[in-house]
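Here is a short tour of one protein model, written for someone who likes to have the structure open while reading. Please load it and follow along.

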Amino acid sequence: NSILKRYVDLYPKLKFTISGSASLFLVSSAHESLAGRIQELVLRPMGYGEYLRINNKPNSPEHFVHYLAWGEFPYLEKLPDWAEKKEYVNEFIIKKVVEHDLPRLKKIYGNDIVNLLNVIIAHSGQMVEIQNLAQDLHLAQNTIREYLNLLEKTYLVSQNFNLGIGFRTRSVRQRKVYASSANALVLKTVQGLNSDLWQHNAGAIIETFVYNYLLRKNEGEINFWRQRQIKEVDFIYSTPETKLPIEVKYQNQIRPGDLENVLYYCRKEHLKKAMVVTKNEQGTKHIGGVEVNFIPASAWL
């Protein structure tokens, strides 16, 4: 940082671009020494529309599945074998940051943070109870919280908090934790495109995809809503102008009962619109005074 500061002060028109995980160390210590001289830009994994444009492909069910499996990282398209794609994500993206970069930023003991990250990726989008996670991994609760925050700062995971339990501090609120890459989830839990586990895990994969799509938009606050462990809405996307409940129902048929929670939330909050992310169904229905827009996940470009 001292070297950068010297050159920036001497040559105001000279610009430096620092990319990759090395930028973590600069950002973490540069806000004081380079105050007013540094601008941070977060480049998340590619979106589906970017994947199609870069590879000159049309939107199709096949290409959408390919995107979910490996399309967030341009280099993966070039690797012919599933095992090679998996190795690239695990070894050259995830492990590089967790095992090489993070220990340089903060003292981390053993494989604890690696084990935590593996659990999060494999169970992306599931409710995380700090106490239970600490017991399972044999770590202190404060250590789990600290590691979660570190992983979030490196953009490997993202924490999503419950909007429905009133005001509480971040440390004690109910939370879900999402992998920042649907590809990481697929390549860690699925053995191939034809694997039965792909179908079994499709809901979690699409939910992770939708969450990261909303993060890339960077236009509003993302929460989920859960009440008394019974009623739940996957996402509440809030902007200064509006609040939009979003449900993920990636299945062949959507039944009326599948919409009960999102409709209940709309009535409770006096909202007139809701969105449902589907596998195939599209269109708009007016149900109980609520305009429900059904949009296939593959249309989220």
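The report below covers a helix, a pocket, two loop residues and a sheet.

## Helix α11

The model is a predicted one. A good place to start is helix α11, which takes in residues 202-217. How far apart are its end C-alpha atoms? They are 23 Å apart, and this agrees with the 22 Å expected for 16 residues at 1.5 Å a residue.

Many side chains of this helix are worth a look. The buried residues of α11 include Ala202, Ile205, Ile206, Phe209 and Val210. Polar names appear in the buried set too, among them Thr208 and Asn212. Just after α11 comes asparagine 218, with a positive phi of about 55°. For context, most residues other than glycine have a negative phi.

## The second largest pocket

The end of that helix leads us to a pocket. The second largest pocket has a volume of about 490 Å³. It is lined by 25 residues, and those closest to its centre are Arg44, Leu214, Leu215, Arg216 and Asn218. Of these, Leu214 and Leu215 are also in the buried set of α11.

Which element gives the largest share of the lining? That is α11, with five residues. At least two residues each come from α3 (48-54), β2 (157-161), α11 and β4 (221-227). Sorted by class, the lining holds eleven nonpolar, eight polar and six charged residues.

## Two loop residues with positive phi

Tyrosine 155 sits in the loop between α8 (141-153) and β2. Its phi is positive, about 65°, although it is not a glycine. Tyrosine 155 counts as partly exposed because its relative accessibility is 34%, between the 20% and 50% cut-offs.

Histidine 270 belongs to the loop between α12 (260-269) and β7 (273-278). This residue is not a glycine either, and its phi is positive at about 60°. Is histidine 270 buried or exposed? With a relative accessible area of 70%, histidine 270 is exposed.

## The six-stranded sheet

Six strands form an open sheet with mixed pairing, in the order β4-β5-β6-β7-β9-β8. At the edges stand β4 and β8 (283-287); each has a single partner strand, so one side of each lacks a neighbour in the sheet. From one strand to the next, the twist averages 30°.

Within the sheet, β6 (residues 243-249) pairs with β7 in the parallel sense, over four bridges. To find one contact by eye, look for valine 248, whose bridge partner in β7 is valine 277.

Methods. Residues are numbered from 1 along each chain as its sequence is written. This is a predicted model: local features need pLDDT of at least 70, side-chain atom pairs count only at pLDDT 80 or more; totals for chains, interfaces and linings use all residues. Side-chain values use heavy atoms; hydrogens and water are left out. The expected span of a helix is 1.5 Å times one less than its number of residues. Buried means under 20% relative accessible area, exposed over 50%, partly exposed in between (1.4 Å probe, protein chains only). On a 1 Å grid over the protein atoms alone, a cavity is a set of points where a 1.4 Å probe fits but cannot get out, and a pocket is an open set with protein on both sides within 12 Å along at least five of seven lines; lining residues have an atom within 4 Å of a point. Grid points are joined across faces, edges and corners, and a volume is the space filled by probe spheres set on the points. Two strands pair if DSSP finds at least two bridges between them. Axes are lines fitted to C-alpha atoms, for helices over the stretch in contact, and angles run from 0 to 180 degrees between N-to-C directions.
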